[in-house]
Every structure is written in C-alpha cells, then in structure tokens.
Amino acid sequence: MITLGLSYAAAVTILALLLFFYMGINVARMRGKHGVKAPAMTGHPEFERALRVQMNTVEGALMFLPALWIAAIWFGGWLPAAAGLIWVIGRVVYLIGYMAAPEKREAGFLIQSLAVVALILLSAWGIGRALMGM
Amino acid sequence: MITLGLSYAAAVTILALLLFFYMGINVARMRGKHGVKAPAMTGHPEFERALRVQMNTVEGALMFLPALWIAAIWFGGWLPAAAGLIWVIGRVVYLIGYMAAPEKREAGFLIQSLAVVALILLSAWGIGRALMGM
Amino acid sequence: MITLGLSYAAAVTILALLLFFYMGINVARMRGKHGVKAPAMTGHPEFERALRVQMNTVEGALMFLPALWIAAIWFGGWLPAAAGLIWVIGRVVYLIGYMAAPEKREAGFLIQSLAVVALILLSAWGIGRALMGM
C-alpha cells in the first residue's frame, strides 16, 4: 500500500537524485574549466574538491537511501522524510562549503551525519518493534 | 503485491548488477595486466580508464536504481523497466567506448543519461499523482 | 506486508550501514594520523588502504543491497538475510585484512563475493518463478 509517508520519502529521494545530478555536472564543468583530461582524477584543487564532494556524497547516499527507506517502511509516518529533507539540505551546505574551501566542508557534513544517525535510530526502532511482533 | 512490472524492474536490476560485476573484474584484470599494485589507483591509462568506467557507473547507478524503483512503484507498468534496459545498454556502450579511448565514452554516457532523465520524469509524475490523491 | 524475512533483511542492512559508517570514520582517522589534507586522496599507504576499503565496499554494496532486497522479496524466507549476514562478516574480514596488508585482503573479498553470487542466484530464481506465474 502506498502511504503518504512513502510518497514523501520518494519525493525526497528524487530531490537527492537531482542534487547528485548537479554534482556530476559540477565535476564535468571543473574538468573543462581547469583542462583536466579524462581519465585523470587530479590536476587542480578546485576540480579535486568537486570530485570529493561527489564521491563523499555517493558514499553517504549509500547509508542515507537505505536508512531513509527502512525508516519510511518500518517506522512509518512523515518523520523519516523530514529527516531525509534535512540530509539533502546538509549536502547542499556541504557542496557550497567545500567548493569555497576544504575547511568549510564541516558544517554541512555534520548536518547530514545527524540526519543519517536519526534515520538509523528510527529504522532500528521500527525493526525492533516488528521483530518483537508489535 | 508483486506485479509483472515490478518483476521486470527486478530482472533489469539483476542485469545491471551483472554488468557491475564484470566492470569490477575488468578493473582487477587491468591491475594485473599493467602491474598496478593495490592500493595504487594510478599507473597506466588503460587501468585508469577501467577504474573510471566502474566509478562513474557506481555514481550513475545511485541515480538509476532509486529512479527505476520509484518509477516502477509510483508510475507502474512496463515503461520503467524498458527505460532501465536502455540504461544498461547505454552503460555497455559506455564501457566499450571508454576502454577504446576516452573521447569515445560520450555516446554511451548520453544514452544512459537520457534513460535516467526519463525515469526521473516518470517518478515525478507518479509521485505527484499519489500526493494529489489520484 | 512486512514479513519476518523482510525484517531480517532490514536488520542486516542496518548492520551493513554501521560498517560503512565505521569505514568512513577509519578514512578520516587515517587522514588525521598521516596528515593527508583534503581533498588529497594519496600521500600515505595506510590512508590509501583505508580509502580503498571504503571505496571497494561502496562498489560492492551497490551489488549487495539490491540483490539482498530482490532476493528477500522475490525468493523470500530467511535465506537472503543469512547470506546478507555472511556478506557483512566477509566485509569485516576484508577491512581487517586489508588494513594489515594489501595481500591479506583476499579472504574477506572471497567471502563477500560468494555471498553476493548466492543472493544473485536466489534473486534470479525468484524472479524467474514470478515471471512464469508460479
């Protein structure tokens, strides 16, 4: 059954995908701007920062997306999608900060970390409840 | 309820996983062929191309798989799985092209990009319909 | 319907996420220990090994998580979650082995590979059954 909470989680997932899309375009743009020819992955700090933003977000999304969906199904309601929206916002802050300077990547990273921790806790709660037959 | 459309999406997902599997084997093979010892990630252009194919596909799959499944559930029918099959074909063309030469990676990249855009549009349509209670 | 088998798969997924979480912390720790400043991705073998463990696990999880969930839904029962648990154990062995020495990464890699192959076979079996209307 498609509940409203699941549709909100789906909408947040699509937002996250659009952000990855933009991050990929950002890497290609920096490759062009600084003349870093494929398959080279180094050559200019601004290109390397764009690449790190994307790679770190890929790694992070691998925790975020499963946790979002397990929380959405096992915990339910609108809370998982709300935490997911905070994750997306944290990743936007991370992108803007890291592109400005490596030291400025930490605020956004912290926001998205807290969102993932919240989603893992909601998931664990929901799974625990299901396994105990409640 | 497991519909036929969901089973098609599952079959396309397994095809994509087999392609990742092959890409991973290709990286290991190029590591051996050119004597690039782990954990080094540079050392020979052909090895670096094999690695970029795999990494770019990992990044791409993170958009593809969620979009495929959201489209399969929220939009429904066989169209999402058909777009998914085009994505897999685009990634095979990308693999063959990039291994031949970095400039030849663009046709396959374009095909898989269009498939992802199509899946995101189908997803957005399906989610919009669900949120408006239709 | 949330079956017990799906809840087991969810629990194994959360275990895998906690392992990624630790691997990310391990990369940050090695960056600090060896003074490798972001966005640099090379500079000390121990840092590079930590990074390779994380990246290889990200690539691997992209096969593991879809195969786990397709097997959990299309094949059913507790077998997919059991294979998933073996994957997590294989990845822990891989982490410990690779951090000790690159040559010691192979046992753990083999364990997790076999678990993924098992999950793909269970998935293919389950999808085949569904497509033949059984």
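When I say "element" this morning, I mean a helix or a strand taken as a DSSP run, numbered from the N terminus. With that settled, hello everyone, and do keep in mind throughout that what we are looking at is a predicted model.

Let's start with chain A by itself. Its elements, read from the N terminus, go α-α-α-α, which makes 4 helices and 0 strands. Along the principal axes, the C-alpha atoms of chain A occupy a box of roughly 60 × 30 × 20 Å. Of the 134 residues in chain A, 49% are buried. If you take the contacts in chain A with a separation of 6 or more, 67% of them join residues 24 or more positions apart.

Now for a look at how two helices pack, and for this I'll switch to chain B. Two packed helices are described by the angle between their axes and the distance between the axes. Helix 2 of chain B covers residues 45–75 and helix 3 of chain B covers residues 79–100; their axes come within 10 Å and cross at roughly 175°. Angles over 145 degrees count as roughly antiparallel, and that is therefore how helix 2 and helix 3 of chain B run relative to each other. On the helix 2 side, the residues that meet helix 3 include B:Phe64, B:Leu68 and B:Phe75. On the helix 3 side you'll find, among others, B:Trp87, B:Tyr94 and B:Tyr98. Sorted by class, this contact between the two helices of chain B has 15 nonpolar, 2 polar and 3 charged residues.

On to the copies. How does chain A superpose on chain B? A rotation of 120° with 0.0 Å of shift along its axis does the job, at an RMSD of 0.0 Å. The two copies are thus related as by a three-fold rotation axis. Chain A and chain B do not present matching faces, though: the copies use different surfaces, and 6% of the contact residues of chain A recur in chain B. Chain C goes onto chain B with a rotation of 120° too, again with 0.0 Å of shift and an RMSD of 0.0 Å. Only 5% of the interface residues of chain C are also interface residues in chain B, so these copies meet through different surfaces as well.

Let me walk you through those interfaces. Between chains A and B, 16 residues come from chain A and 19 residues from chain B. On the chain A side, helix 1 (4–33) and helix 2 (45–75) each give two or more residues, and helix 1 of chain A has the largest share, with 9 residues. That side of chain A is made of 12 nonpolar, 4 polar and no charged residues.

Between chains C and B, chain C contributes 19 residues and chain B 16 residues. Helix 2 and helix 4 of chain C each supply at least two residues there, with helix 2 of chain C giving the most, 12 residues. Here the chain C side has 14 nonpolar, 1 polar and 4 charged residues.

I'll finish with helix 4 of chain C, residues 106–131. This helix has 26 residues and reaches 37 Å from its first C-alpha to its last, close to the 38 Å expected. Its buried residues include C:Gln112, C:Leu119, C:Ser123 and C:Ile127. What covers the buried residues of helix 4? Part of the cover is helix 1 of chain B, together with helix 2 and helix 3 of chain C. Just after helix 4 of chain C comes C:Gly133, with a positive phi of about 70°. Thanks, everyone!

How values were computed
Residues numbered from 1 in each chain as written. Chains lettered and ligands numbered in written order. Predicted model: local features only at pLDDT ≥ 70, side-chain atom pairs only at ≥ 80, totals over all residues. Expected span 1.5 Å × (residues − 1). Buried ≥ 20, exposed ≤ 12 C-beta atoms within 10 Å, placed from the backbone. Contact = placed C-beta atoms within 7 Å. Nonpolar A, V, L, I, M, F, W, Y, C, P; charged D, E, K, R; others polar. Least-squares fit on C-alpha atoms with pLDDT ≥ 70 in both. Axes fitted to C-alpha atoms, helices over the stretch in contact; angles between N-to-C directions. Parallel < 35°, antiparallel > 145°, perpendicular 65-115°, else oblique.
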